[in-house]
Amino acid sequence: MTTPLRPALAVAAALTAALTLTTSTATASPTTTEPSLLAANWTQADVPGAKDLPVGITVTNWTEKNLENRTRPRLLQVVEIDPTTAPLDLQSTVGAGGDGLAETVADQLAGVSPVASRHPLAGVNGGLFKSEPAHPQLRSTDRPVTLQHVGVSVTDGVLHSASCLGPDGKGTNGAVIQYGVPYITKLSTKLRLTPSDGSGTVAFDDINRDPGRARGCARDGDDRALTEDQAGGQKSVYVDADEIILFTSDYKYPVPKPGLDPYVTTDDDAGYEVVLDSTGKVTAAHPGRGGGKDSTTEVYVPSDGRILQGTGTGGTWLRDHARLGSTLTVSQKLTDERFGREIPLDPSVDVVSSFHQLLRDGAVATELPNTCGATGPGADGTPICTDSRVALGTNVRGHTVLVTLTGQPRTDNTTTHEDGAWLHAWGELLDSDELGLIDALNLDGGGSATLITATSTGGTVVRTPPTDRVSGVYVHRAVADTVYAGISGYGMYKK
């Protein structure tokens, strides 16, 4: 049986055949092709510090020359990672502090390894997330903000968040980084608990977030969306009073207490809490979550264990089936829906998630909408999209590519640096022969957009301007995770 070629390979094979049949005396037919959006409207610009980049990392800058409805040119930065010239691979990190803590890209990259030879050489912010306020009774003041991942997040095989349900109920898009090499697909998760009392398996809802209240997307069919008015102005809040949430040992924030959100009542239940050791044995089981709503006690996940919190019927199930001294088997299955395979959750695997694939097999994804998170008036007063953009992709040379689209840096840090594009226009810009991208995933943008490269002498350069306004000054936003190029190791060394 002949295996059909994938689209990109089929095109390459066809071109090879055509070249083989062409002789040196053949006369080519004159053809006229429209220039790409990049070639028509942008020009290559000098890259500051290009000579100081580490081996295997190249940066190409493009500056807008046809401003259309803008008053200032945008800046497109393209980082190409070449593993043939240096032993480089791609990885992700939630930072040295651990999952649940918001850190800047610079802090996350700095915390990857204390070994200088393991320091990241280039990185951008990663997947989507929602920031959360600290519970009013928590005493920690150095970490006032925690967060929820939106969609699948995996670092070194540890699953930090369940998949979004997605419009078709089969998950949402993400980049699977396996043995340091990324590919983009649709992902779903299946989470199960099996008690030792023989009562049968039950599903649990999510990982490392407030029970009763999901942010950003529905995780299953029981999650109900609230309007912004019902959620006190918060966007994309989903509620379910009957949940079980798992907390991993990577989660370094205190586990949630009841009553985190004054506008949402589904997380008010005192619930039930269970502590598991590394074998799944129940070492503690009691009513109440996180030390109690009005307590200043801070409850952390044991370094070699896990915590389960249940609300509503979820809390009842834990009370009845996770008794002290019994065992719970935790099953976490990550499925590649595009290719119909299970992805092993071992140290070779990282995942960052997004709602939108920009390019698929060398063309703009047909389902890509033309949305925008932030708009402003253009030169003629009509709206333009000012959402800064970040993408992760692979190109025709088999190299990983990181791309950012922002405004130009400014000396005055009290004026806006942010600029970007409507989502579909962003995909069309990336679909240019000059970039040679085959697949590309839209990562978190807006104020999260950050690109950092290392220098050959061990320093770092932040290449994107700050776009998040705090107290009248623009800063780089603290994010959930970061994607970076580093020295190969495939998870076999301690970070």
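**Cavities, sheets and selected residues in a predicted model**

The count of cavities of 30 Å³ or more comes to three. The model is predicted, and the values given here are computed from it. The largest cavity holds about 150 Å³ of space. Its lining is made up of 18 residues, of which Thr146, Tyr251, Tyr253, Pro256 and Leu260 are the closest to its centre. At least two residues of this lining are supplied by each of β6 (129-133) and β7 (145-149). The largest share comes from β7, with three residues.

The largest pocket holds about 1100 Å³ of space. It is lined by 37 residues, and those closest to its centre are Leu128, Lys130, Phe355, Gly373 and Asp444. Here the largest share of the lining, three residues, comes from β6. Strand β6 thus appears in both descriptions: it supplies at least two residues of the lining of the largest cavity and three residues of the lining of the largest pocket.

Two open sheets were examined. One has five strands in the order β4-β35-β5-β31-β32, and the pairing is antiparallel. The edge positions are taken by β4 (88-93) and β32 (460-462); each has a single partner strand, so one side of each is left without a neighbour in the sheet. From one strand to the next, the twist averages 20 degrees. Within this sheet, strand β5 (residues 122-125) is paired with strand β31 (residues 451-454) over three bridges, in the antiparallel sense. Ala122 has Thr453 in β31 as its bridge partner.

The other open sheet has three strands, ordered β14-β16-β15, and its pairing is also antiparallel. Its edges are β14 (213-215) and β15 (224-225), and because each has a single partner strand, one side of each lacks a neighbour in the sheet. Strand β14 is joined to strand β16 (residues 237-239) by three bridges, and the two run antiparallel. In this pairing, Arg213 lies opposite Val239 in β16.

Strand β30 (residues 437-442) was considered separately. Five of its six residues are buried, so the strand is largely enclosed by the rest of the structure. Pairing was found between β30 and strand β24 (residues 357-360), antiparallel and over two bridges. In that pair, Leu359 stands opposite Ala440 in β30. Strand β30 also pairs with strand β28 (residues 389-395), again in the antiparallel sense, over five bridges. There, Ala391 has Asn442 in β30 as its bridge partner.

Backbone torsions were also inspected. Most residues other than glycine have a negative phi. Tyr179, which is not a glycine, has a positive phi of about 50 degrees. This residue is found in the loop between β10 (172-178) and β11. Tyr179 has a relative accessibility of 48% and therefore counts as partly exposed, since that class lies between the 20% limit for buried and the 50% limit for exposed residues. Asn208 likewise has a positive phi, near 55 degrees, and is a residue other than glycine. Asn208 is found in the loop between β13 (206-207) and β14. With a relative accessible area of 3%, Asn208 is buried, because buried means under 20% relative accessible area. The loop that holds Asn208 leads to β14, one of the edge strands of the three-stranded sheet.

The loop that holds Tyr179 lies between β10 and β11, and strand β11 (residues 181-195) contains Ser188. Ser188 has a relative accessible area of 11% and is therefore buried. The side chains of Ser188 and Glu337 are joined by a polar contact of 2.5 Å. When neighbours within four places in sequence are left aside, the residues in contact with Ser188 are Ser163, Lys170, Gly171, Lys333, Leu334, Thr335 and Glu337. Glu337 is therefore listed among the contacts of Ser188 as well as being its partner in the polar contact, because contact means heavy atoms within 4.5 Å and a polar contact is a pair of N or O atoms within 3.5 Å.

Conventions
Residues are numbered from 1 along each chain as its sequence is written. This is a predicted model: local features need pLDDT of at least 70, side-chain atom pairs count only at pLDDT 80 or more; totals for chains, interfaces and linings use all residues. Side-chain values use heavy atoms; hydrogens and water are left out. Helices (H or I, at least four residues) and strands (E, at least two) are DSSP runs, numbered from the N terminus. Buried means under 20% relative accessible area, exposed over 50%, partly exposed in between (1.4 Å probe, protein chains only). A polar contact is a pair of N or O atoms within 3.5 Å; within protein, one must be able to donate a hydrogen and the other to accept it, and residues adjacent in sequence count only if both atoms are side-chain atoms. Two strands pair if DSSP finds at least two bridges between them. Axes are lines fitted to C-alpha atoms, for helices over the stretch in contact, and angles run from 0 to 180 degrees between N-to-C directions. On a 1 Å grid over the protein atoms alone, a cavity is a set of points where a 1.4 Å probe fits but cannot get out, and a pocket is an open set with protein on both sides within 12 Å along at least five of seven lines; lining residues have an atom within 4 Å of a point. Grid points are joined across faces, edges and corners, and a volume is the space filled by probe spheres set on the points.
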